[in-house]
Amino acid sequence: MSGEGVTIDEPKGVGVAIGKGSELPSYPRALEFDDALELNGGMFHPQGPTFFELARQALSSTERGYDLLAPKFDYTPFRTPSWVLEQTAPHVGPPNSVGSALDVCCGTGAAMQMLRPLCRDRVTGIDMSQGMLEVGREKTAGAPGQAKLEFTRGDVLDMPFEEEFDVAVCFGACGHILPRDEARFIEQVRNALRPGGRFIFATSYLPRKLSATYWLARGFNAAMHVRNLLIRPPFIMYYLTFLLPGARRMLEEHDFSVEVKEDAFAPTAPQLKLVVATRN
Ligand SMILES: C[S@@+](CC[C@H](N)C(=O)[O-])C[C@H]1O[C@@H](n2cnc3c(N)ncnc32)[C@H](O)[C@@H]1O
């Protein structure tokens, strides 16, 4: 197990391949569009959502959609898998080295489990979905570590935090932020961090235009644009957003010093990059 002794709880029996560094199986390359699409076609874990349930979720608002999905979310490839978190942990710091941390769009608290043993004081998750927060509260209750766990319901574009955290993370959720809201999102994260605090998240460069990943993502986005034109309220979820180098540029414009860990997830997912942005 990597990550300075951090052990991440993973639902037993999930997935199609063996998770790296964990006895429990997990999805091989989550955060990748191809996998999500393939698995959405009815190949989820038996305890995961059916095709009908996923369709119902996609026809609801973002918040309601996640409320509906919450009980089964951990059996989908949308939950950030343990190997991503385990490989991120060493970049956050050794056990007890961080005062307090914020998980932005925490969902069912996958990253909160990773953060708890690294923190001394508090780990706070914020998410708009009450359903996801309730499942998160249950799932993280026994997570190793002493830091206080807190769950806040709210929109990450309007967070109630003022220079309170040493670290903020965000996994699997940047696609829920519209490009026009990205600057505001960064401002909100910046406000939540103390000076010197770090914003840590995973993203990638734009896939090659000749790749299947690129065109599948474009196709998915086109379908979402049509869905959101025809149906209200919208479900905000687009691929190929908050990518490098644009995300780096925007963070630097908001007075962050940015380091891109190019090999943080190699060899498992070399296309995935870990960004560590320090608030100046
Ligand atoms: C794909 S899940 C990821 C959850 C978790 N970070 C993980 O990696 O397993 C995305 C989460 O973002 C939340 N979300 C989406 N837009 C949001 C917003 N504007 N404010 C707060 N939460 C939001 C959803 O409710 C959902 O729980």
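## Working through a predicted model

Leu102 is buried, with 30 other C-beta atoms within 10 Å. Keep in mind that this is a predicted model. Let's work through four exercises on it.

**Exercise 1.** Find out where Leu102 sits and which residues it touches, not counting residues up to four places away in sequence.

*Solution.* Start with the element: Leu102 belongs to strand E3, residues 98-104. Next, check the burial. The cut-off for buried is 20 or more other C-beta atoms within 10 Å, and Leu102 has 30, so it counts as buried. Now look at the partners: Leu102 touches Thr124, Ile126, Phe161, Phe165, Ala168 and Ala192. Finally, pick one of them, Ala192. It is 90 residues from Leu102 along the chain, yet their C-alpha atoms are separated by 8.3 Å.

**Exercise 2.** Decide whether Met224 is buried, partly exposed or exposed.

*Solution.* First place the residue: Met224 is in helix H8, which spans residues 212-230. Then count: Met224 has 18 other C-beta atoms within 10 Å. Buried needs 20 or more and exposed needs 12 or fewer, so with 18 Met224 is partly exposed. For its contacts, skip the neighbours within four places in sequence, and you get Met237 and Tyr238. One more distance to check: Ala58 is 166 residues from Met224 along the chain, and the C-alpha atoms of the two are separated by 9.1 Å.

**Exercise 3.** Work out how H2 and H3 pack, and which side of H3 is buried.

*Solution.* Two packed helices are described by the angle between their axes and the distance between the axes. For helix H2 (residues 51-58) and H3, the angle is about 155° and the axes are 8 Å apart. Angles over 145 degrees count as roughly antiparallel, so H2 is roughly antiparallel to H3. On the H2 side, the contact is made by Arg56, Gln57 and Ala58, and on the H3 side by Gly65, Leu68 and Leu69. By class, that gives 3 nonpolar, 2 polar and 1 charged.

Now for burial: in H3, the buried residues are Gly65, Tyr66, Leu68 and Leu69. They lie on the same side of H3, because they cover an arc of only 155° around the axis. H2 and helix H6 (130-140) are among what covers them.

**Exercise 4.** Describe the shell around the ligand.

*Solution.* Of the 21 residues around the ligand, the nearest are Thr80, Cys105, Gly107, Gly172 and His176. Sort the shell by class and you find 12 nonpolar, 6 polar and 3 charged residues. Then ask about helices: H3 (62-69) and H5 (110-115) each supply at least two residues of the shell.

Notes: Residues numbered from 1 in each chain as written. Predicted model: local features only at pLDDT ≥ 70, side-chain atom pairs only at ≥ 80, totals over all residues. Near = placed C-beta within 6 Å. Helix = DSSP H or I, 4+ residues; strand = E, 2+ residues; numbered from the N terminus. Nonpolar A, V, L, I, M, F, W, Y, C, P; charged D, E, K, R; others polar. Contact = placed C-beta atoms within 7 Å. Axes fitted to C-alpha atoms, helices over the stretch in contact; angles between N-to-C directions. Parallel < 35°, antiparallel > 145°, perpendicular 65-115°, else oblique. Arc of directions from axis to C-beta.
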